[in-house]
Structure formats: structure tokens, C-alpha cells
Amino acid sequence: MARTIKKCAAIGAGVMGAAIAAQLANVGFETILLDIVPTELTDDDKNKGLNKESEEFRNKLAQDGLSTALNSKPASFYVPEGANLITVGNMEDNIGWLSDVDWIIEAVVERLDIKKSVFEKIEAVLKPGTIVTSNTSGISAKAMCEDRSKDFQKRFAITHFFNPPRYMKLLEIVPGPDTLPEVIQILAETCENGLGKGLVHAKDTPNFVANRIGVYGMFCVIRVLMDLGLTIEAVDELTGPVVGNAKSASFRTADLVGLDTLLHVAENVYEGAPDDENREMFKAPDLLKQMIGKRLLGEKTGQGFYRKTEDSEGKRVILSLDYKTLKYRPREEAKLASLEAAKEISGTSGRIRSLYYADDIAGEFTFRTLTESLIYSANRIPEIADDIVNVDNAMKWGFGRKMGPFETWDAIGVSESVTKMKEAGYQIPIWVQEMLKGGKESFYKREAGKLYFYDLASRDYKEVPVKPGVILLPSLKDREREVAGNKGASLIDIGNGVACMEFHTKMNAIGDDIVNMIIKAADIVYRDFEGLVIANHADNFSAGANLYMILFAAQEEEWDDLEWAVKTFQDGLMKLKYLDKPVVAAPAGMALAGGCEICLAADRIRYAAETYMGLVEVGVGLIPAGGGTKELLLRNTEHLFEVQKEGVYPRQIELMPFIARAFETIALAKVSTSGPEAVKLGYLRPTDKMTVNRDFLIEDAKKTVLAMNMEGYTPPRPLEEIRVAGENTFAMIKLALWTLHEQGYATDHDVTVATKVGYVLCGGNVLTDTKVSEQYLLDLEREAFLSLCGDPKTQARIQHMLTTGKPLRN
């Protein structure tokens, strides 16, 4: 059996099959995408001159699936070029291609008979050692492979991806009765390290882990909603971000999944789990049956619990379903006292606890739905998974929740909540009662920097496994490895002579604390360490500068203080750039504005696949002034100076196209939708490398620092002779802006801001090919930034962004 998977195939080019193929291609796997041959020619096929033997006709379903993946929103591919690794075909003409692959993923319709037929065809062409898995969301592994050979059964398992596969971290691995341990090991390594998945090891039970508990919870929500007479939108408020769940909450999620799909999953449990103590809960509520009967299925039919439409002025509006009449009406604001009080509480745990013990209707809703879900989750161990860690991870990674059920139970207090549950007549799982009687008051505990979970089998705590290659900064802090720190940032010793600078402000917004730590960290690393990593575990690396601070200083006309703050930030990043030890930034999530500039100051960038990077300052009427404008100029022209080293005089190369690229990127506030796209936009260099699974990002960045030292690190020298385009190119930029303004594509203020960007990129009003220093360009950035801060229209844009979270065109 091949220990390394190099080539893959996806069978079934529907939404999931094509998206799985896209993710395989994203991370570099050559992938075959097959589907059935269409039965009949369409009029469009005939107009193209196709017949039933035409390759284009026979591969149409696979090609359509690939096209859908290419055009999907959110994007399935990191960059469109990823599709070049996918070869489309059909199950009749190209089944033989499967003899050349290492891993085949079946993703056809959820019918056992069809899946069995596919596996029969696949087995006929398999090479020895090929692994076959199914993407089923709930059909038994045993049932799917029972008619296949023993050898097939040994190499068969379920790999259940969640939709969309690129973005959802969860992958449930379910072995069949005879699956070899090494097959599971190969799949685990490939999916975790290669595809970036979080693995949950589930058992071969109906709907596995996440969907089993998730659908139960959804049906609880529907029943309590109707019992209490709450509105759809009120329930989504109560089950959304306020309790650490995704913005789609309950009913928006149901619309995205599809009500028919939801019902199918529920029926699968009802039929397949006759001993489930809450089996009747999986019978579809009458409301769901009525909605399905009226084709109110959610996104796929354009209407479900919500419907998107337009008002009389043509503006997009979202209507909510009145479940009593099955008619749509304008959404109503949820006016619930305990909900509003919870929103003011800091931290997910505190908000959940507040709602759970509230004595109004919102509290009753939270108490009933959460209690039933917690008890159901506890009763499923060890039926669906061996421990609470797998269950918690499944619910977090599969549904975008901040906390799993057992983490949530700890948040509300296990002993206190059990007392309340018993008073309400609920039956507490025996093992939970035994845990409490044994003096263990929580499902998790943290000691000496290590996290432990309560294990049912041993009736004691076990350490939560930490995979090799995962660095957890909070754990290192608990073990007193913090070297320096303030309210906004910390410097932590991560071993082997490498330090890590971590930000921990809200959205990791950059203020005085972070800037001071940048300067302090550079001094400490210079003296005591071999290199520096800049990283954190937050959802976003950094959303940029603290706009409140900038707006306040501008409105109070504290220009000296503002200039000092900008100059200090510039100096700090220049100190990082020219530190005589390697500096590696490790962004993930949003790395915007100042957050992007911090990355640009590093020697190397080890980026997560899901990195959304951009210099977005123009959106609030400013320009990048922490060195971002300068750095994008350098990154777009540095290859020209490599040419100079080869003996070609740089005057022979016109700078205008390269300046134009940098100008367009900044002036349009382009943000990458992935790490690889950030390379295309010029924020990252081709020499910067990607980590698909963010869990390993800090370790990979640390290894990059160590590798740079092993190779013999030579720090860069400040640039004193940067060739700039000068006034002629600046005049061309101004002409282009005038044209856009005259055609109505740019406002007066857009032109003002973009002119400042062009001025800095061209080196100011100097002659073509003038040579300037980095400090000269930084001075231009700072001057432009301060002048824009004094513009009332810029201040209005900042205020609008802080109030609404959206840019203003004025």
C-alpha cells in the first residue's frame, strides 16, 4: 500500500464532489473528476453539433460540476488556476483512469443501491493498495462495502467532508468493520496535513457525530420555538454569535443545508437507530412537512425560513416566515431583555451562562434547548464516539461554533446546571452523575499548562492529546514561557532559540501596546534569541490600526501626537525588517492594513491557506503609512534590480507597468481571498510558503526561522538607492484618475486619496529614474497620511466604518 497519496479521484461531480476535487487540487493533488454520461442530448447540445458519442457531451456533467466549482461563492479554489490539476471524464469511457490513482472518493447521490453500483465498477479497475472512501453523510460503511471483496473492505472507509469542503474544518473518519489501521493512518495524515482538516474519529452509526447531534438540536429548536411562540428571527438571535455559534444560527443554517436534506438526515437516524431514547424527536415536525410540501426548501428554491426579495425601491430585503400562516413578512427586531443583557457581557462563556439562568422567555428557550442538547450529547458516548473531545471538536469544526457541548456545559457550571435540570424533571446521564459524585466538577480542567478531559472509560481525567507540530501559546504562557508582555501583546519563548510575538487586542487592532512590543521584541530577540515569529491563535492576524485612536487624534487636531504614533510604527517595522535575526510572520484570517504591513516587514511569510491580506486604508480615506506603500513598490519592482545585477542597465526597463500594478492594488483596496491569491496580488513572494492546516502554522514558521539560520542568515541592508518613476508616471496616474472621475467612477475624495497613493509610489515630484532612500518614501507616506487625516471627508469615512463596519463613498 502506498504510504503517500499523490493522485486522487472524485466520483460524482455534484456540489460536494466537485468542491472536494477543488480542495484536492488546491493543495497540489492531481485529481480525476468523473460523473455519469447524460442520457439525452439537450437543444443546446444539438445546436453545438454534438451527438451522443461526442466527448464534450459525454463529459458534460463532470465539466459542469467543475465549472460550478470555479464560479462558486465563496470560492472553492484558492486561485482559478488550481482547476488545471483536475481532469474531467465519465464513468463509462474513463473508468480505467482509476487504476492510476492512490485515493478514490465517492460523492454520488445518497442512495445505498447507487453507491454499491459505483463501488462494483470501481473495484474492477483498482490497482493494489488504492484506498476507496465514501463522502456519505450517514449511510453505514458496513452496508456500502458488504458485497465487495475482502481486499476492498480492508481499504475502504468513510471520509465525511462538510460543505463547503474548502472552508469547513471538520472531516469525520469512519472505518468499516475490516478497515486496516494503516488505511486510517494514511487517510488521517493526508487529510490533516495535506487537506488541512480537523479529524474526528467517529463510529459507524447513523449520521456519525456532528449531524446526529446537530439535527437533534435543530429539531429541539423548532419544537421549543412553537411551544413558546417566538419568531424565527428571535430564535436566530438567541442561537447565533451571542452564544458562540455561526451568524447563520439555526434557521439560516437550515435554509443553507436545505430542508429536504435536513429531513433526509433525520429519517436516517429514525430508521437506523431504533434504540435511541429520543428517537421520536427525529420525526419531522409538522411545520417542516408543510414547508417541504410547499417547496419552501431554503436556498435551493429561493425561499425557506427566509426569503430574499426587493422592495418598491429595488433594494434587497430579507423577509421572515410566519410559521403560523406560512406567509412571509418583514423581519422583526427581537426585543428580549436577557438577550440584550447578554450582548453586553464579554466572552462567550459569560453570555451563555447569562441566558441559561435568565428568568424570561429567552432564558426559558435557552434552558430547554441547551439542556436537551447537552443531555443528548452525553448519552451518545460511547455510542457515536469514544470521548467528549471528539464530540466537542465535531460540533465546533462542523458548525462553526466556538464551544462544543461539553465545553458549554462547563461554561454554565456542571453541578449548578444539573441541579436546575433535575428540578425541571430532566433525567441526567448516569456517567455525568457519577462524575459529580466522584468530586469532579467539570468535563475539562487545565493544570500546569496542559488541558485534561474527563474520560468515561477510566472515570478519571486524561490529557487532551496535542499533536506533534502544534504549538499552543496559552499553554506556553501557563508554563511561564512569556518573556515580556503588556495589555496588547506578548513575547513568548517557543523553544530552540525562537521567540513568538503574539497580539491579543480586540481584532488584534494595532495601538500603542502592540507598537511598543514590536520595538521591545526586536531588542530582546537581538540580545537573547536566534529569530522571531509573529503569530497568534485569534481568528484574524490583525485587522489593522486602531481607528478610534486615529479619529480621536484627528478630531482633536493632535497632529504632533498622531505624527509621532505613525513615525513610531514606521520605525518599529523598519527595526524588524533590518533586525540581524530572521523574522517570519505567520498570518491567518484577516491581515489587513497595518496587519499586512507588519507581514511585509518580515524576512519571510509563512501564511495559512485561508489568509485574507490587503492594504485597505483607502476604504477609510487614508493611505498605507506603516511602510505598506513603500513595500508594495519594492515588491513590484525588486526583480528589476535582480536584472541589473546581471548586467542590464535598469533604465532600459520602463517602471510604469509595475507602478501601475502596485497603484491598482492599493487604490482599489484589493484583498486576497486566499493565501495563494495574495501571492498573485504581490503581497506575498513566491518564496513565501503555505500551511494548509492552521494548527501547524506556528511550528512551520518556527522551522522556517531555524532553516534560515541553518542556511546562513544574512540580514538585509537598508536601501538607499531605490529607482522611482517620478513626475512623468505620476502625471499619467493623475490623467487616469481624472478620466475615472469624469466618467463617474470616482468621487472627488476618491481622487484625492488615490492621488496621494500615486504620489508616494512615484517618489513625489522628482525626475524619472531619481534614486531615493526607504526613509524618503516613509516620509512621503507619513506626510500623505497626516494630510488626509485632516480632511473632513476622511474623518467621515472613518466614523462610518466604525459605526457600520462598511466603507463610505463620499
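Trainee: Is Ser320 buried or exposed in this predicted model?
Mentor: Start with the place: Ser320 sits in strand S10, residues 316-322. Its relative accessibility is 0%. The cut-off for buried is under 20%. Therefore Ser320 counts as buried.

Trainee: With which side chain does the side chain of Ser320 make a polar contact?
Mentor: Look at its surroundings. Beyond its neighbours within four places in sequence, Ser320 is in contact with residues including Ile232, Glu233, Phe305 and Tyr306. Lys327, Tyr328, Arg329 and Arg331 are also in contact with Ser320. The polar contact, at 2.7 Å, is with the side chain of Glu233.

Trainee: Which residues touch the most other members of the largest nonpolar core?
Mentor: In soluble globular proteins, nonpolar side chains tend to be buried together. The largest nonpolar core here has 116 residues. Those touching the most other members are Phe251, Phe305, Ile388, Phe406, Trp409 and Phe443.

Trainee: Which helix gives the most to this core?
Mentor: The core in question is the one with 116 residues. One helix gives twelve residues to this core. It spans residues 210-228, and it is helix H9.

Trainee: Which residues does Trp409 touch, not counting those up to four places away in sequence?
Mentor: Trp409 is one of the residues that touch the most other members of the largest core. Among its contacts are Leu374, Ile375, Ala378 and Val414. The others are Ser417, Val418, Met421, Val432 and Phe443.

Trainee: How many residues are in the other core?
Mentor: This core lies apart from the largest one. Its members include Leu491, Ile514, Ala522 and Tyr607. The count is 86 residues.

Trainee: At what angle do helix H27 and helix H31 pack?
Mentor: Two packed helices are described by the angle between their axes and the distance between the axes. H27 covers residues 656-667, and H31 covers residues 748-761. Their axes are 10 Å apart, and the crossing is right-handed. The angle is about 145°.

Trainee: How many nonpolar residues are in the contact of H27 with H31?
Mentor: H27 brings Ile659, Ala662, Phe663, Ile666 and Ala667. H31 brings Ala754, Val757, Gly758 and Leu761. One residue of the contact is polar and none is charged. The nonpolar residues number eight.

Trainee: Which backbone oxygen does the side chain of Thr665 reach?
Mentor: Thr665 is found in helix H27. Thr665 is buried, with a relative accessible area of 3%. Beyond its neighbours within four places in sequence, Thr665 is in contact with Leu632, Lys670, Leu681 and Tyr683. At 2.9 Å, its side chain reaches the backbone oxygen of Arg661.

Trainee: Why does Thr31 count as buried?
Mentor: Thr31 belongs to strand S2, residues 30-35. Leaving aside neighbours within four places in sequence, its contacts include Cys8, Ala9, Leu24 and Ile86. Buried means under 20% relative accessible area. Thr31 counts as buried because its relative accessibility is 2%.

Trainee: How far does the backbone oxygen of Phe29 lie from a polar atom of the side chain of Thr31?
Mentor: Here the pair is a backbone atom of Phe29 and a side-chain atom of Thr31. A polar contact needs N or O atoms within 3.5 Å. The distance here is 3.0 Å.

Trainee: What is omega for the peptide bond from Asn163 to Pro164?
Mentor: Most peptide bonds are trans. The bond from Asn163 to Pro164 is cis. Pro164 lies in the loop between strand S6 and strand S7. Omega is near -5°.

Trainee: Where is Pro382 found?
Mentor: The peptide bond from Ile381 to Pro382 is cis, with omega near 10°. Helix H16 covers 361-379, and helix H17 covers 388-399. Pro382 is in the loop between H16 and H17.

Trainee: Is Asn207 buried or exposed?
Mentor: Asn207 has a positive phi of about 65° although it is not a glycine. Asn207 is found in the loop between strand S8 and H9. Its relative accessible area is 1%, so Asn207 is buried.

Trainee: Is Arg459 buried or exposed?
Mentor: Phi of Arg459 is positive too, near 55°. Arg459 is in the loop between strand S13 and strand S14. The cut-off for exposed is over 50%. At 53% relative accessible area, Arg459 is therefore exposed.

Technical notes:
Residues are numbered from 1 along each chain as its sequence is written. This is a predicted model: local features need pLDDT of at least 70, side-chain atom pairs count only at pLDDT 80 or more; totals for chains, interfaces and linings use all residues. Side-chain values use heavy atoms; hydrogens and water are left out. Axes are lines fitted to C-alpha atoms, for helices over the stretch in contact, and angles run from 0 to 180 degrees between N-to-C directions. Helices (H or I, at least four residues) and strands (E, at least two) are DSSP runs, numbered from the N terminus. A crossing is left-handed if the near helix is turned anticlockwise from the far one by less than a right angle, and right-handed if clockwise. Contact means heavy atoms within 4.5 Å. Ala, Val, Leu, Ile, Met, Phe, Trp, Tyr, Cys and Pro count as nonpolar, Asp, Glu, Lys and Arg as charged, and the others, Gly among them, as polar. A nonpolar core is a set of buried Ala, Val, Leu, Ile, Met, Phe, Trp, Tyr and Cys residues joined through side-chain atoms within 4.5 Å. Buried means under 20% relative accessible area, exposed over 50%, partly exposed in between (1.4 Å probe, protein chains only). A polar contact is a pair of N or O atoms within 3.5 Å; within protein, one must be able to donate a hydrogen and the other to accept it, and residues adjacent in sequence count only if both atoms are side-chain atoms.
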